[in-house]
Amino acid sequence: MTAQVVEALVHAAIKFAILVPGFVLALAALMSWIERRQSAMIQDRVGPNRASIGGVRAWGLFHIIADTLKFALKENIVPRGSNPLLFRLAPFMAMAPALIVFAVMPVGPTNRWVVSNLDVGILFIFAIGSLSVYGATIAGWSSNNNFSLLGALRVSAQMISYEVSLALNLVGVFMVFGSINLQTIIEGQGALLGGVLPKWGIVVQPVAFFLFLAASIAETKRTPFDAPEGEPELVSGYFTEYSGLALATWFLTEFAAVIMVAMMATAVFFGGWQIPWLPPTPALVATWWFQIACVMAFFAKTLFFVWVQMQLRWTLLRMRYDQIMTMGWKYILPISLANVLVTGLFLLLTR
Amino acid sequence: MKQPLRPKSERAKPFERREMTFAEKLFYPAIWEGLKVTTKHLVENIFGRKHTVTLEYPEVQRPYPERFRGQHRLMQRDDGSPRCVACMCCSTACPSNCITIVAGERPEETIEKFPMRFEIDLLKCIYCGMCVEACPCDAIRMDSGVHPKPTYNRQAAIIDKEGLLAAGAKTIATQGGTFGSRVAGHLKKHI
Ligand code: SF4
Ligand code: SF4
């Protein structure tokens, strides 16, 4: 019995170690470069392309190494009057939940491709993900800086507000697929509607998808919802006082959250690892090449949504703080409630 | 004095605000339009740098304009000696007092003086070109096209006569400069 538990734990640890540092953190590091290069291209600039190793520039990819080195060599300043313990702990309190949530994400068709196939899948993501608000709040409070504190207030208000609508948006999807287990939801999206359209979440719940995108970007605190770190009024918001690797940790947390949103959008609304018009029959699922293809499809969709979020960030303007709150409570929340109602009625009538 | 009001037709019109339509209130159509613009720029700039106008400086350099005032040089006579007659016109004209000239005597009759020392402190120089304008012999020029380089110490920014002459070359201009002789001829015609 204990041997089995230990074996399961070891397997989970290995899978987590492959998924999180191997994919999520690597992609997050890459995103620090993509973000700047993409924004440059959008704004008709060139962007960072100078870092080179022996004259090889590789489109500026070595900026990732250069930036990491620079962050690592900077002093980790703890401001006077701050709470040193909490100040140092806060980035990790934000980062740990942002990384743990990947444990329930099924990236492939069988249980082999998910770290832990929890039945409460999405609830786990919400439960753990909402913990990262503590990290941001504590960071702002322990910095002994009024800008940080204001940023922290905004973070906590914004994240808690949008968590409500975020969860409500997905209720419609849960009702359609009859489960909150992510693997079951993805398997449910393999069917074809009327023989032509894949029964993806976006097809059966289009309203929910667009509201989900807005609410989840608000959760990750990125433009147009980045009032918590609004540079013109709050310097840098709740991480104003951070420097060195602690600051890098905040960036990594943000990028991990972006990847998580992309994965959620993929899994719930875009068929997860499903390849469109290729229904996963048990015989197909048993073959290794199909599994690999599915994982590839999942990561490709994830990358697409990462790109969409980046593109949105450099397209839209920052919203005013009261506008963010108005939008969350007065528009997104009622519409998602209505969406749940309409979905319920529809399911009841077509049963 | 009170300014008279402009006629009504010329005054700025107040901006008329109107209610947003339902489609506008949704924001999503507008966001879609915005995404189309940014994506167009992204794709066109990745494949072909269509809109990017950045000059990547050290590799690509914009040519200096013809009249760019660069580092000074001292012109030479046919025998390689400086054309400068140490008249001090340039150091007098120089607004930042950065030209140091120590004159020496020449045995010839026509040209009595020559510069024993001729130094320009490039840290003080403001590259105004007054020295070139003042020189009656076309001895000092700023047409080298050399952008002044940074140095590791202040002493290195002072260029001496040898350095200035090395950068210079023989000039075919007549004493007093071509422009000066042209003006003189012009004046003569009219007197
Ligand atoms: S350029 Fe102007 S400041 Fe410089 S040496 Fe000539 S006169 Fe003086
Ligand atoms: S004005 Fe010309 S000739 Fe006179 S000292 Fe200066 S460089 Fe020499």
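Is Thr249(A) buried or exposed? In this predicted model, Thr249(A) counts as buried because its relative accessibility is 10%, below the 20% under which a residue is called buried. The residue belongs to helix α11 of chain A, which covers residues 244–269. Once residues up to four places away in sequence are set aside, Thr249(A) touches Pro91(A), Phe92(A) and Met95(A).

One of these partners, Met95(A), deserves a closer look. Met95(A) sits in helix α3, made up of residues 84–100 of chain A, so the contact with Thr249(A) links helix α3 with helix α11. Like its partner, Met95(A) is classed as buried, because its relative accessibility is 11%. Leaving out neighbours within four places in sequence, the contacts of Met95(A) are Leu25(A), Thr249(A), Leu252(A) and Thr253(A). The distance from Met95(A) to Gly129(A) can also be followed on the model: the two are 34 residues apart in sequence, and their C-alpha atoms are 9.8 Å apart in space.

Stepping back to the whole of chain A, the secondary structure consists of 14 helices and two strands. How does the radius of gyration of chain A, with its 351 residues, agree with that of a compact globule? A compact globule with 351 residues would have a radius of gyration near 20 Å, and the 21 Å of chain A therefore agrees with that expectation. The C-alpha trace spans about 65 × 55 × 50 Å along its principal axes. Half of the chain is hidden from solvent by the criterion used here, in that 50% of the 351 residues count as buried. Contacts across the sequence can be described in a similar way: where the residues in contact are at least 6 apart in sequence, 77% of the contacts in chain A join residues at least 24 apart.

The surface of chain A can be summarised by area and by charge. About 15900 Å² is exposed, and carbon and sulfur atoms supply 73% of it. Among the side chains, 21 are positive and 16 are negative, with the centres of the two sets lying 5 Å apart.

Chain B is described by a separate set of values. What does the secondary structure of chain B come to? It comes to six helices and five strands, and from the N terminus on these elements run α-α-β-α-β-β-α-β-β-α-α. Of the 191 residues of chain B, 29% count as buried. The accessible surface comes to about 14400 Å², with 59% belonging to carbon and sulfur atoms. Among contacts in chain B between residues at least 6 apart in sequence, 66% join residues at least 24 apart.

Two residues of chain B stand out in their backbone angles. Met88(B) has a phi near 70°, a positive value in a residue other than glycine. Met88(B) is placed in the loop between β1 (73–74) and α3 (89–93) of chain B, and it counts as partly exposed because its relative accessibility is 25%. Tyr127(B) is not a glycine either, yet its phi is positive at about 55°. The loop that holds Tyr127(B) lies between β3 (113–121) and α4 (130–134) of chain B. Tyr127(B) counts as buried, because its relative accessibility is 17%.

The two chains also meet each other. How many residues of chain A are in contact with chain B? The contact involves 19 residues of chain A and 19 residues of chain B. The size of an interface is often given as the accessible area lost when the parts come together. Between them, chain A and chain B bury about 1500 Å², of which 62% is on carbon and sulfur atoms. Met41(A), Asp44(A) and Val46(A) supply 34% of the area that chain A buries against chain B, more than any other three residues.

Ile42(A) brings contacts within chain A and contacts with chain B together in one residue. Ile42(A) is located in helix α1, residues 2–42 of chain A. Not counting residues up to four places away in sequence, Ile42(A) touches Gln311(A) and Trp314(A), as well as Thr38(B), His41(B) and Leu42(B). Ile42(A) is buried, because its relative accessible area is 8%. Met105(A) follows 63 residues from Ile42(A) along the chain, and the C-alpha atoms of the two are separated by 32 Å.

Conventions
Residues are numbered from 1 along each chain as its sequence is written. Chains are lettered from A and ligands numbered from 1 in the order in which they are written. This is a predicted model: local features need pLDDT of at least 70, side-chain atom pairs count only at pLDDT 80 or more; totals for chains, interfaces and linings use all residues. Side-chain values use heavy atoms; hydrogens and water are left out. Helices (H or I, at least four residues) and strands (E, at least two) are DSSP runs, numbered from the N terminus. Buried means under 20% relative accessible area, exposed over 50%, partly exposed in between (1.4 Å probe, protein chains only). Contact means heavy atoms within 4.5 Å. The radius of gyration is taken over C-alpha atoms; the globule rule is 2.2 Å times the number of residues to the power 0.38. Accessible areas come from the Shrake-Rupley method with a 1.4 Å probe; for residues, only the protein chains shown count as cover. Lys and Arg count as positive and Asp and Glu as negative; His and the chain ends are not counted. The place of a charge is taken as NZ of Lys, CZ of Arg, CG of Asp or CD of Glu. Buried area is the accessible area (1.4 Å probe) that two parts lose on being put together, summed over both.
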